[in-house]
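Please find below a short note on the structure under review. It is set out as numbered points for a reader new to the subject.

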Amino acid sequence: MKKFFVLILALHSVIAFSQPHKTENIIIVTLDGMRWQEVFGGVDSAILNNSRYTHEQKEIKQMLWNDDASERRKKLFPFVWSTVAIKGQMYGNRNIGSNVNNANPYKFSYPGYNEIFTGYPDTAVNSNDKIKNKNTNVLEFINKQKGYEGKVAAFSTWDVPPYFLNKWRNGLYVNSDQDSISFGSYTAKLLDDIQKLSMRPNGERLDVVTYVAAREYLKEHKPKVLYISFDETDEYAHQGNYNHYLGAAHAEDGMIADIWNLVQSMPEYKNKTTLIVTCDHGRGDKIKDQWRDHGEKVEDAGHIWIAAIGPDTKPLGEVKTPATLYQKQIAPTLAALLGFTFIPDHGTAEIISTIVK
């Protein structure tokens, strides 16, 4: 039976690759625990007006509020809505029937990241413990392909990505949390000093340190696949700090804009790079006062979103055709964009064909 599914996937890939692909590089960015509600609707008025969660309501309203939801989301995510939503594709606005779900039942970080990168919602992956992942991930698969050897790298704020990517098995370059930023340049050394000497408000290095390290690595080493994992949105949400949750989201949008503008200025990447932005899990709904939380018992926590832009991705904008996508489809889609067929160790996962021309 498995051979039958493999054949179907292979035929599907042949059809998808009937036209030549322009994508030679991929950048993947994850915003940990970022709710689809803010991505597609901007600041949530019910949480904003709750003094328990938002302590600087006037300032937030001045900076990010608009009575029109489409304008609010532009204020919170200016790059996503001025660039990706115009030239790329956005999935996950459940208000219009565009659903993106976790296929794993747990709805928290390690199971979500495992699903993103292995294409397999493994029920045995059921904690955030630092356990080396047994499942093959798409990054190590790409790293073995001709022309991509040693050209795949990951940078993360959280210290668990080395485990869900299992860098010890596959030799992927994964720089996380307190890892030394020491890949040669003066800027990297300076950034390493900043990392060591700066405060760690959430017990981890700052997202901006993770980002600048990834950016400088890209400039110096020219990876063909780069993964950047942000974490502050999840940390501040758990704290019930809506001010900082929104601030982190807005700042991360700026970093995504910066990396996109950078690659479009470099001949190695310009018009040859696809950017995928997503999250590991969602969060609870404001009505149940569960926006801070996620997990198996929080129904809405399995609701996520995907944004994509690149030379092989048609400019469909905010996709309004009712449909349901799953997180497990991201891994084979990443491979397909580069012309490869990635088959999970267990189960099956179709590509998101609308992202892959």
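The points below go from the whole chain to a single pair of strands.

1. Nature of the model. The structure is a predicted model, and the values quoted here are to be read with that in mind.

2. Overall dimensions. The protein has 357 residues and a radius of gyration of 19 Å, which agrees with the value near 21 Å that a compact globule of this length would have. The C-alpha trace spans about 55 × 50 × 40 Å along its principal axes.

3. Burial and contacts. Of the 357 residues, 58% are buried. Where contacts join residues at least 6 apart in sequence, 71% of them link residues at least 24 apart.

4. Surface and charge. The accessible surface amounts to about 14800 Å², and carbon and sulfur atoms account for 53% of that area. The protein carries 41 positive and 42 negative charges, and the mean positions of the two sets lie 5 Å apart.

5. Secondary structure and sheet. The protein contains 15 helices and ten strands. Eight strands form an open sheet with mixed pairing, in the order β5-β4-β6-β1-β7-β8-β2-β9. Strands β5 (173-176) and β9 (317-318) each have a single partner strand, so each of these edge strands has one side without a neighbour in the sheet.

6. One strand pair. How do β1 and β6 pair, in the parallel or the antiparallel sense? Strand β1 (residues 25-31) and strand β6 (residues 225-230) are parallel, and six bridges connect them. Within this pairing, Ile 26 stands opposite Val 225 of β6.

Definitions and conventions
Residues are numbered from 1 along each chain as its sequence is written. This is a predicted model: local features need pLDDT of at least 70, side-chain atom pairs count only at pLDDT 80 or more; totals for chains, interfaces and linings use all residues. Side-chain values use heavy atoms; hydrogens and water are left out. Helices (H or I, at least four residues) and strands (E, at least two) are DSSP runs, numbered from the N terminus. The radius of gyration is taken over C-alpha atoms; the globule rule is 2.2 Å times the number of residues to the power 0.38. Buried means under 20% relative accessible area, exposed over 50%, partly exposed in between (1.4 Å probe, protein chains only). Contact means heavy atoms within 4.5 Å. Accessible areas come from the Shrake-Rupley method with a 1.4 Å probe; for residues, only the protein chains shown count as cover. Lys and Arg count as positive and Asp and Glu as negative; His and the chain ends are not counted. The place of a charge is taken as NZ of Lys, CZ of Arg, CG of Asp or CD of Glu. Two strands pair if DSSP finds at least two bridges between them.
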